[in-house]
Amino acid sequence: MAGNRTFTMIKPSAVRDQLAGPIITRIEEAGFRIMAMKLTHLTNIQASIFYQEHQGKPFFDGLIGFMSSGHVVAMILEKDDAVLDFRKLIGATDPNAAAPGTIRKLYGKSVQENAIHASDSDENALREERFFFSLMEQY
């Protein structure tokens, strides 16, 4: 059974371009409830730990540099079938391939600067939520 919580993070380029407000509005209009939210700035170490599953991939260093380049908005969201519904709302990783009206189609610039991160499973949502809202201060 799918869970009712997911994790998301508005990425540095979208925060820098003042798109956090419009993105949050779209999230709420889609029926998601924001259970927790914070503006923060990832260090290189924090970004490396958060994205550790990508370590060793060709894009890893660029991803870490980008994700630690500015503020992010981390959120825990709630809705029935949260992970699946939220991934539909944000669209494909590549904004050029994302469906019309999705967050990434509207606000993304590239695969890396696609405006928003979203958990891909209930298990990852819980891990990512804990990272930002209980473990992050340890790193």
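Visitor: How many aromatic pairs does a search of the whole structure find?
Guide: Keep in mind that this is a predicted model, where local features need pLDDT of at least 70, side-chain atom pairs count only at pLDDT 80 or more, and totals for chains, interfaces and linings use all residues. Residues are numbered from 1 along each chain as its sequence is written, and side-chain values use heavy atoms, leaving out hydrogens and water. Rings of Phe, Tyr and Trp (its six-membered ring) pair if their centres lie within 6.5 Å. Searching the whole structure that way, the number of aromatic pairs comes to 7.

Visitor: What kind of pair do F50 and Y51 make?
Guide: Planes under 30 degrees apart count as stacked, over 60 as edge-to-face and the rest as tilted. The ring centres of F50 and Y51 are 4.9 Å apart, and their planes meet at 85°, so this pair is edge-to-face.

Visitor: Is Y51 buried or exposed?
Guide: Let's check the relative accessible area (under 20% is buried, over 50% exposed, in between partly exposed, with a 1.4 Å probe and protein chains only). Y51 has just 5%, and its partner F50 has 0%, which makes F50 buried too. So the word for Y51 is buried.

Visitor: And what kind of pair do F50 and F132 make?
Guide: Here the ring centres of F50 and F132 sit 5.3 Å apart. Their planes are at 75°, so this pair is also edge-to-face.

Visitor: How many residues apart are F50 and F132 along the chain?
Guide: Helices here are DSSP runs (H or I, at least four residues), numbered from the N terminus. F50 belongs to helix 3 (residues 44-50), while F132 belongs to helix 7 (residues 122-135). Their pair links distant parts of the chain, with a separation of 82 residues.

Visitor: What is the relative accessibility of F132?
Guide: F132 counts as buried. F132 is also in one aromatic cluster with F7, F50, Y51 and F131. As for the relative accessibility of F132, the value is 0%.

Visitor: Which residue has its charged end over the ring of F32?
Guide: A charge sits over a ring if NZ of Lys or CZ of Arg is within 6 Å of the ring centre and within 35 degrees of the ring normal. For F32, a charged end lies 4.7 Å from the ring centre, and it belongs to K79.

Visitor: Which residue lies over the face of F50?
Guide: We've already met F50 as a buried residue that pairs with Y51. Over its face, 5.8 Å from the ring centre, you'll find R127.

Notes
Helices (H or I, at least four residues) and strands (E, at least two) are DSSP runs, numbered from the N terminus.
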